[in-house]
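Here's a quick tour of a protein model, going from its overall layout down to a single helix. Have a look at the structure before reading on.

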Amino acid sequence: MIITKVELIPVSTPLVKPFIMPGTRITHIHSVVLKLHTDEGIVGYGDSGDTSTWYRGETQESMTAMIANHIAPAFLIGQDPLNIEKIVGQMDTFVRDNNQAKALVDFALHDLKGKALGVPVYQLLGGKNAEASVQGWVASAGPVDQVVAEAVQAHENGFCLIKLKSDGNSDHDVDNVREVRAALGDSARIVVDANGFWNYDQALKTMRRLDRYGMECIEQPVPHWDIEGMARLRTRIDTPIFADESAQELHNIREIIERRAADGLFIKMQKAGGLLKAQRWLTMARLADMAVMSGCMIGSGLEASPSAHLMIANNWASQFTHENLGPLIINNQWENAEQTITQDIALNVPVFADGKLYPNEGPGFGIELNEEFIATHITEGKQTVTVGELVGV
Ligand SMILES: [Mg+2]
């Protein structure tokens with residue numbers, strides 16, 4: 001089997017309710033859907049999830065250009081898609097960064113291979129350690145009463161952990177944590193994600209005020225490049241530190257481990273560069289005895305699928321709580337077992353129920369595309385880019 005055609009479709013999915021992050025208000029998810037066509041008629045799908053210049057530095061345009069102009073002609077067209085390790089190795093050798101673009105290719109290759117072999121992707125990754133992955137809820141930033149109300153509702157809907165997004169105002173962060181703790185009680189698991197927007201001084205002062213609330217962890221309290229600062233901070237506060245933006249490539253993980261800069265690691269498939277590289281990443285976390293949490297870029301049921309399959313297949317990752325909630329955030333829902341999701345690139349979004357995520361059964365990611373939704377949500381002013389179409393090979 002060989003890859004004959006590569007299709008890159010820019011899709012913009014509107015959120016039912018905007019999601020607020022420090023300095024940004026997300027109203028649409030701008031992603032790229034990749035289709036890898038083969039001479040045997042099997043097609044592999046991937047969805048990049050949302051792009052953000054500040055988190056990954058990649059956009060619809062940059063991913064499309066990197067794949068269409070460089071990766072597809074050199075390493076995909078005419079190649080056997082079952083050789084995932086070989087293709088990922090070539091991408092890493094010849095493309096220095098661009099892990100979200102590489103992850104998109106890796107996702108579609110895994111979907112294709114699962115379909116070719118007639119097995120769900122979790123079978124390619126080791127089989128099942130669990131039926132579902134346990135999910136925490138990520139609350140949108142906002143006024144304290146709004147954040148508390150969302151945390152209480154999430155808790156009532158089965159989410160065992162609440163992540164609060166810092167808006168950069170320390171007084172506000174302390175108010176949020178104090179009031180959520182008061183509303184949910186001592187046993188509630190609370191995380192604050194600073195997304196690297198605090199400086200060291202602000203991180204130390206804020207965390208000294210937050211230490212008393214027994215939080216599960218503080219995520220990325222200092223800028224991504226300041227691993228030394230994170231290590232210093234860790235010796236001066238009680239709350240465990242998780243590295244997100246700092247923990248990207250394997251050499252970052254090695255440095256964090258060597259400097260003892262974090263207690264745990266936060267992974268996204270798009271940050272690690274796909275399922276194959278995420279497995280190496282998780283092996284290093286396990287080796288260092290570091291807890292992991294997996295998140296999403298916010299995306300469709302297709303975007304949620306790679307992580308959903310890996311989080312139940314990987315023995316280390318399956319022991320922890322994750323947050324992979326894209327379709328729920330986009331559609332402003334707590335579950336989709338009873339309430340169907342309509343705004344999605346996937347027709348059959350994986351089931352979210354009682355704070356757990358169940359990957360689809362069926363070959364590959366088990367996802368059927370909602371072609372009508374995709375056709376009516378092509379990003380304004382953009383169009384599908386196609387490479388290849390080898391005929392008669
Ligand atoms: Mg984070």
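## Two domains and one helix

In this predicted model, the C-alpha centres of domain 1 and domain 2 sit 24 Å apart. The domain assignment splits things up like this:

| Domain | Residues | Residues in the contact |
|---|---|---|
| domain 1 | 3-119 + 369-388 | 38 residues |
| domain 2 | 124-358 | 38 residues |

So what does the side of domain 1 that touches domain 2 look like? Strands β1 (3-21), β2 (24-38) and β3 (43-47), along with helices α2 (84-94), α3 (99-117) and α14 (371-376), each chip in at least two residues. By residue type, that side of domain 1 comes out as 21 nonpolar, nine polar and eight charged.

On the annotation front, an unreviewed UniProt entry lists residues 145-240 as "domain: Mandelate racemase/muconate lactonizing enzyme C-terminal". In the model, that span is 48% helix and 14% strand, and its end C-alpha atoms lie 26 Å apart.

Now zoom in on helix α9, residues 250-258. Asn252, Ile253 and Ile256 are buried here. Looking down the axis of α9, the buried residues fall within an arc of 100°, so they line one face of the helix. The general rule is that an α-helix has 3.6 residues a turn, so residues three or four places apart point the same way. On the face of α9 turned away from the buried side, you'll find the exposed residues His251, Arg254 and Glu258.

What covers the buried residues of α9? The cover includes α8 (227-234), β9 (241-243), β10 (264-268) and α11 (275-287). Just after α9, Arg260 adopts a positive phi of about 50°.

Notes
Residues numbered from 1 in each chain as written. Predicted model: local features only at pLDDT ≥ 70, side-chain atom pairs only at ≥ 80, totals over all residues. Domains from an automatic or database assignment. Contact = placed C-beta atoms within 7 Å. Helix = DSSP H or I, 4+ residues; strand = E, 2+ residues; numbered from the N terminus. Nonpolar A, V, L, I, M, F, W, Y, C, P; charged D, E, K, R; others polar. UniProt positions renumbered as here; feature names shortened; annotations may be inferred. Buried ≥ 20, exposed ≤ 12 C-beta atoms within 10 Å, placed from the backbone. Arc of directions from axis to C-beta.
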